[in-house]
Amino acid sequence: MKPLEPKANPHIEALQAYTPGEQPQGGGWVKLNTNENPYPPSPKAVEAARAALADGGSLLRLYPSPDSTPLREAAAKLHGYNANAVVAGNGSDDLLNLLIRAYAGPGRSIGMLDPSYSLYPVLAAAQGATVVKVPVKSDYTFDTAEVVKCGAAIFFLTNPNAPLGVAFKVEQVKALAAVYPGLLVIDEAYAAFAGETCADLPKQFSNVVVTRTLSKGHALAGLRAGYALCPLSVAAVLHRVRDSYNLDRLAQVAAAAALQDEAWLSVTVAKIIQTRRRLTDALKALGWKVNESSANFVLAEPVVKGGVASVQAAESAFEFLRSQKILVRRFPNHFLTEKALRITVGTDAEVDALLAAAGVWTKG
Ligand SMILES: *Cc1c(COP(=O)(O)O)cnc(C)c1O
């Protein structure tokens, strides 16, 4: 007799998994679809990982620091925090998951701006929490009062916003923090490319957490490391719900070394911002509609010569770029993004390839 297929919890059976951007395993692609950094990481980060593998990898016999002390201390020093106020995550996605596990669930919803990061609803569904979405306005601002009254136990503010690329003003976020009746999480995945940061807010507000990742600015997406700057009481809660060894030994030391190499970060980010300027201006010169970005990607609406932006035009441009082995990302599920492509700022050569193909498509 065939055994029964086990059924998961009803809310897990109903869950739709997150769809990551395509990660083609063959070579030859210009990959501008998942906001990875096009440059290699700090050599000091690579050296730290290599040092942890010395003596034939003998240290790998031993469990790593349970609370990722090397990474927490480096982050605490960088941002002027007590190390007890910093929690390390296996990527910042791990931290978002821990926050939802601890603060949301049945009867305790999560809130988010719409559009923003589409992982939050998946993490919420896994905990049986519902999602309240507050619309981003068509001028790319949000209404503080709308957020305050959304009733969510935990609200995620992605700043700079993804996929729009725009940054909200620290002054507005601060004003929101002062009146928000739940936990406010500021997801600063793209902070390295923005002019302002909210990294100090958890020092002043007992209901604010800031999450950071090493995946974008620090070029370590393959390592999986992030951290949260927290009020002490929130940090203590997150330590209770995380895995006992949630970061491996290599990730802890490489991420710590990367945070200490501020010179590498400023040089790399300056290059990306320069390329972002060039990409933005060149697409505008083709007649495309482009957001001024505070991140390492631009959201741009393709416009064929003599035409207007449309869903069909965005699909056509996407398919044409794909036929040229250039991958970008589409967000067809929202009226602010359905006519657009999200294009990661790559190297100058990658951006040149994108611009050449975009030029051919635009001329029709
Ligand atoms: C990339 C990204 C993250 C997650 O990064 P990790 O690789 O898990 O550290 C979190 N939030 C947003 C908005 C992102 O774009």
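A residue counts as near a molecule or strand if one of its heavy atoms lies within 4 Å of it. Keep that cut-off handy for the ligand exercise.

Some ground rules: this is a predicted model, where local features need pLDDT of at least 70, side-chain atom pairs count only at pLDDT 80 or more, and totals for chains, interfaces and linings use all residues. Numbering starts from 1 along each chain as its sequence is written, and side-chain values use heavy atoms, with hydrogens and water left out.

**Exercise 1. List the residues that surround the ligand, then pick out polar contacts to it.**

Step 1: apply the distance cut-off. The ligand is surrounded by G91, S92, D93, Y117, T158, D187, A189, Y190, T213, S215, K216 and R224.

Step 2: go for the polar contacts, meaning pairs of N or O atoms within 3.5 Å; within protein, one atom must be able to donate a hydrogen and the other to accept it, and residues adjacent in sequence count only if both atoms are side-chain atoms. D93 uses a backbone N or O atom, 3.0 Å from an oxygen atom of the ligand. D187 brings in a polar side-chain atom, 2.7 Å from a nitrogen atom of the ligand. For T213, a side-chain N or O atom sits 2.5 Å from a ligand oxygen atom.

**Exercise 2. Work out the strand order of the seven-strand sheet and find its edges.**

Step 1: get the elements. Helices (H or I, at least four residues) and strands (E, at least two) are DSSP runs, numbered from the N terminus. Two strands pair if DSSP finds at least two bridges between them.

Step 2: read off the order. The open sheet runs β2-β8-β7-β6-β5-β3-β4, with mixed pairing. β2 (86-89) and β4 (131-135) each have a single partner strand, so one side of each has no neighbour in the sheet. On average, neighbouring strands here are turned by 25 degrees against each other, direction ignored.

Step 3: zoom in on one pair. β5 (residues 154-158) and β6 (residues 183-187) run parallel, joined over five bridges. T158 stands opposite D187 in β6, and T158 and D187 are both among the residues around the ligand.

Step 4: add the helices, taking contact as heavy atoms within 4.5 Å. Axes are lines fitted to C-alpha atoms, for helices over the stretch in contact, and angles run from 0 to 180 degrees between N-to-C directions. Helix α5 (residues 92-103) lies across β2, β3 (110-114), β5, β6, β7 (208-213) and β8 (226-229), at about 155 degrees to β7. Helix α8 (residues 170-179) lies across β5, β6 and β7, at about 160 degrees to β6.

**Exercise 3. Do the same for the four-strand sheet.**

Step 1: the order is β9-β10-β13-β12, an open sheet with antiparallel pairing. Its edge strands, β9 (289-290) and β12 (329-330), each pair on one side only.

Step 2: β9 pairs antiparallel with β10 (residues 297-301) over two bridges. K289 has E301 in β10 as its bridge partner.

Step 3: helix α12 (residues 262-285) lies across β9, β10 and β13 (341-344), at about 5 degrees to β10.

**Exercise 4. Why does C198 form no bond with its closest cysteine sulfur?**

Step 1: a disulfide is a pair of cysteine sulfur atoms within 2.5 Å. The closest sulfur to that of C198 is in C230, 15 Å away, so it is too far for a bond.

Step 2: check the total. The structure holds zero disulfides.
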